[in-house]
Amino acid sequence: MPEWLNDAVFYEIYPQSFNDSDGDGIGDINGIIEKLDYVKNLGCNAIWLNPVYDSPFMDAGYDVRDYKRVAPRYGTNEDLVRLFEQAHARGIKILLDLVPGHTSDTHPWFSEAKKAEENEYSNRYIFTKTVWDAPPQYRMMCGICERNGNYMVNYFSSQPALNYGFGEITHPDWQLPPEHPECQKTVEAIKDIMRFWLEKGADGFRVDMADSLVKNDDDKTATAKIWRGVREMLDKDYPEAAMVAEWCNPQRAINDGGFHMDFYLDHYGNGYSRLFRYGEWGDRAVFNKNGKGDVKAFADEYLPNYNLSKDNGYISFMTNNHDMPRVTAYLDKQAIKLADAFIFTMPGVPFLYYGDEIDMRYQADLVSKEGGFSRTGSRTPMQWNSGKNLGFSESDEPYLPVDKSADAPTVENQKDDPDSIYRVVTDLIALRHKYPDLRGNGELEFMFEEGKVPFAFRRGKLVMYFNPLGVEFEFDTKYNGDVIYKLGGAEIENGKIKMQPQSFLMIEI
Ligand code: NOJ
C-alpha cells in the first residue's frame, strides 16, 4: 500500500476547462502546470486528471483513439512528462484516467477488428458471429462494417467494448471465457499502457468503469480477478503507484480487486446521494436544512462497507465530479460548507472537484458539449479572476462559455473572503494534514439516532458534530474537550453542546 495515500487529498482537473495557456479556447497541460502552485496552496497533494489522450472527443476523451499519445489540443507527451516533474517537485502526485472498458470506434485496434478478414485484433472487441445475431440483452451496433457481425458497446455508440470475455456464456459461438488467451491479450494490452505512463512518471490511475470488464459477470468476481492481477504487477514493479476505482463497491473493488481506493459515487438513493442530493432537487438530503433527510440510510450502507474494507483500502468521498450536477444545484452555501466539513473529516481519501473550492455553480441549460449532455453544466471553465473569460482563456470563443452572471465567484474574489467556501475548504484540508486522527482510515465511532439530528462522529481524539438543520439544538454529549474548529455558531461547556442552525463543531477530547 503506497504510504502517501494516508495523507492524500486529491484535486480533480477536467483538463479542457481548467486553464488555457495558448489561447485556443481549450484548457491544456501547460495551463495546468501554471496552476500547480494554486493546487498546492489549497492543500491538495494529488491530482486526478481526466483523460488527456488523443480522441475524437465524442465523450470528452473517454473515447480513446491512442492511449499512448497526448491529444494535440492538450500538448505533447513531453508536456505531460513535464507536468509529472513539476508536480513532483511540489510534492504533488498525478493519477491519469485509465479507460480499460472501451476505446473510440476510431481506435486503430477497432479499425482492424472491423475488417472481414481475420487478423490480430479480431477478438479485441466483442463481435457476434453474423449480423443476423443481435441478442436484445446486449447493446449492439448492427450492420455497420464489412465484417459479418455486430459489436457490443460499453457506453455511447462510439465506444465499442473491449473483450475481456464472459462470466456466464449464453452464446458459445461468439463469447469467450475470461481466461481465453485472446481475452488475456486485452488484459496485457491494458497493462502495457499502464506501464508506459508509469515509466514516464505517472503515479497511478483513476480507472473508468472498473467493474465493466467481463460481461455476464453478475457478482463481478471475474472482473475483480483481472484487477487483482494488475495490483500484483503494481506491487511488484510500481509499489508507490495507486489505483482508484470507479466502482462504488468497496468489498469487490478493494478487497477482491486490490484497488487502493474506491469512489463513493452518487447513485440515486445510495448512502452518498442520501447525504447530499436525495429527493426532489435534494429536498430529502441529510445536509438540506429542512430536516427531511435521514442519516441512518447513509450509515447503514457506509459503516459495514467501511468496516469490511478499511484494512485494505480507502473509500473516497468527492465534493462532486464531472458526471454529476454540482451540488450548488441542491444545497445552499452554508449547507455546502457543512457537507465539506463532513467530506474532509471522514475516513478515506477525499477528492475535491475543480471549482468547488470557489462554489462554482452548476450551469443548467447549456447545449451539450463533447458528449456531456446534462453533465456539461458541471464542466464549465474554471473561474480565476475578473479578466477575459474570467481568466480561463484569451480566446474570443472558449469551447464552453464561462459563467456569465455578474456575481460569478472567482478565485480572485473568494480567496480573501472570510465567509467563502474557499476559506472553509482550505481550513479543513489544513486540519486534515495537521491531525493524524483525521487522515486515512482508523477508528470511527459514528453517533446518530434514527430520524434525528444532530449527528456526530469520533475519530481518535477528535469529535465532529453536525447540525445541518435550520433550527437550534442543545444537547448533552458524552465527550468534553476544546474547540478546534467550527462553522456557524456552536459551543460546548461541561458536556453540553449548543448548536445554532446549520452549524458544525470539531472538538479535541
Ligand atoms: C465514466 C466517466 O466518468 C464518464 O465521464 C464517461 O462518460 C463514462 N465513464 C464512459 O467512459
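The following exchange examines the internal spaces and one helix of a predicted model.

User: What makes the largest cavity a cavity, and what is its volume?

Analyst: A cavity is a set of points where a 1.4 Å probe fits but cannot get out. The largest cavity has a volume of about 100 Å³, and the count of cavities of 30 Å³ or more comes to 3.

User: Which residues line the largest cavity, and which helix gives the most to that lining?

Analyst: The lining consists of 13 residues, with T319, N320, V327, I336 and D340 nearest the centre of the cavity. Helix α10 (residues 333–343) gives the most, with 4 residues. By class, the lining of this cavity holds 7 nonpolar, 3 polar and 3 charged residues.

User: How is a pocket told from a cavity, and what lines the largest pocket?

Analyst: A pocket is an open set of points, whereas the probe cannot get out of a cavity. The largest pocket has a volume of about 420 Å³. Its lining comprises 20 residues, of which Y155, E246, L265, H267 and D323 lie nearest its centre. These lining residues divide into 7 nonpolar, 5 polar and 8 charged.

User: How do you know that the span of helix α12 agrees with the expected value?

Analyst: Helix α12 (residues 421–434) has 14 residues, which at 1.5 Å a residue should span 20 Å; the end C-alpha atoms are 20 Å apart, so the two values agree.

User: Why is α12 called mostly covered?

Analyst: Buried means under 20% relative accessible area, and 10 of the 14 residues of α12 are buried, so the helix is mostly covered. Among the buried residues of α12 are I421, Y422, V424, R432 and H433.

Methods
Residues numbered from 1 in each chain as written. Predicted model: local features only at pLDDT ≥ 70, side-chain atom pairs only at ≥ 80, totals over all residues. Heavy atoms only, no water. 1 Å grid on protein atoms, 1.4 Å probe; cavity = no way out; pocket = protein on both sides within 12 Å on 5 of 7 lines; lining within 4 Å. Points joined across faces, edges and corners; volume = space filled by probe spheres on them. Helix = DSSP H or I, 4+ residues; strand = E, 2+ residues; numbered from the N terminus. Nonpolar A, V, L, I, M, F, W, Y, C, P; charged D, E, K, R; others polar. Expected span 1.5 Å × (residues − 1). Buried < 20%, exposed > 50% of the residue type's maximum accessible area, 1.4 Å probe, protein only.
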